[in-house]
Amino acid sequence: MLRFIVQFLVTCLALWLAAQVVPGVAFSDTTTLLLAAVLLGIANAVVRPILTVLTFPLTIITFGLFLLVVNAAVIGLVAALLGGFMVDGLWAGIGAAIVTGVVSWIAGWFIGGDARRA
């Protein structure tokens with residue numbers, strides 16, 4: 001349970017930072033940011049694996065760079081479902097995907113994974 005809470009907080013931080021750094025990404029209020037973090041977690045668990053499998057040939061051809069487009073599409077899907085969350089186009093989505101990915105990677109490095117617990 002603690003792992004889910006930490007992941008939620010990291011996602012909130014990453015989305016907030018993306019809204020500050022990437023032009024074209026914005027939130028109307030804090031509640032929308034929190035809901036976006038929850039929806040992004042659900043979409044990453046359900047939709048992203050399906051898109052990753054379906055776009056596997058493109059991912060191989062582009063040496064994995066197409067995963068940025070998949071991540072941007074998932075963030076765009078969350079923005080489409082949530083009224084107060086705005087992502088203005090593909091490049092803003094890719095920027096948000098890069099920021100959220102880097103923040104999650106850094107947080108994972110500091111927090112540690114299952115290998116460190118063993």
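Which helices and strands do the buried residues of H5 pack against? In this predicted model, the partners are helix H1 (2–21), strand S1 (25–27), helix H4 (66–81) and strand S2 (85–87). The residues on the H5 side of this packing are Ala92, Gly93, Ile94, Gly95, Ala96, Ala97, Val99, Thr100, Val103 and Ala107, which are the buried residues of the helix.

H5 itself runs over residues 90–111. Its length checks out nicely: 22 residues at 1.5 Å a residue should give a span of 32 Å, and the end C-alpha atoms sit 31 Å apart, so the two figures agree. Right after the helix comes Gly112, with a positive phi near 90 degrees.

There is also a nonpolar patch on the surface, made up of Ile98, Val102, Trp105, Ile106, Trp109, Phe110 and Ile111. Together these residues offer about 790 Å² of accessible area. One of them, Val102, has its place in H5. With a relative accessible area of 40%, Val102 is partly exposed, because that value falls between the 20% limit for buried and the 50% limit for exposed.

Now for the other side of one of those packing arrangements. H1 counts 20 residues and reaches 28 Å from its first C-alpha to its last, close to the 28 Å expected at 1.5 Å a residue. Val10, Thr11, Cys12, Ala14, Leu15, Ala18 and Ala19 are buried in this helix. The buried residues of H1 pack against S1, H2, S2 and H5, and H1 in turn appears among the partners of the buried H5 residues.

Leu17 gives a residue-level view of H1 and H5. Leu17 is placed in H1 and is partly exposed, at 30% relative accessible area. Setting aside neighbours within four places in sequence, Leu17 is in contact with Val99 and Val103, both of which belong to the buried residues of H5. Leu17 and Val99 are 82 residues apart along the chain, yet their C-alpha atoms are separated by 7.3 Å.

Thr11, also in H1, is buried, since its relative accessible area of 12% is under the 20% cut-off. Where does the side chain of Thr11 reach? Its target is the backbone oxygen of Gln7, at 2.8 Å. Apart from neighbours within four places in sequence, Thr11 is in contact with Ala37 and Leu40. Both numbers fall within the 30–54 range of H2, and H2 is one of the elements that the buried residues of H1 pack against.

A second threonine, Thr55, is found in the loop between helix H2 (30–54) and helix H3 (56–61). Thr55 counts as buried at 15% relative accessibility. The side chain of Thr55 reaches the backbone oxygen of Leu51 at 2.7 Å. Not counting residues up to four places away in sequence, Thr55 touches Phe66 and Val70. H4, which covers residues 66–81, takes in both of these positions.

Is Phe63, in the loop between H3 and H4, buried or exposed? At 79% relative accessibility, Phe63 counts as exposed, because the value is over 50%. The backbone of Phe63 deserves a look too: its phi is positive, about 55 degrees, although Phe63 is not a glycine.

Notes: Residues numbered from 1 in each chain as written. Predicted model: local features only at pLDDT ≥ 70, side-chain atom pairs only at ≥ 80, totals over all residues. Heavy atoms only, no water. Patch = residues over 30% accessible without salt bridge, like charges linked within 9 Å, V, L, I, M, F, W, Y side chains within 5 Å. Areas by Shrake-Rupley, 256 points an atom, 1.4 Å probe, with all protein chains shown as cover. Salt bridge = Lys/Arg side-chain N within 4 Å of Asp/Glu carboxyl O. Helix = DSSP H or I, 4+ residues; strand = E, 2+ residues; numbered from the N terminus. Buried < 20%, exposed > 50% of the residue type's maximum accessible area, 1.4 Å probe, protein only. Expected span 1.5 Å × (residues − 1). Contact = heavy atoms within 4.5 Å. Polar contact = N/O pair within 3.5 Å; in protein donor to acceptor, adjacent residues only side chain to side chain.
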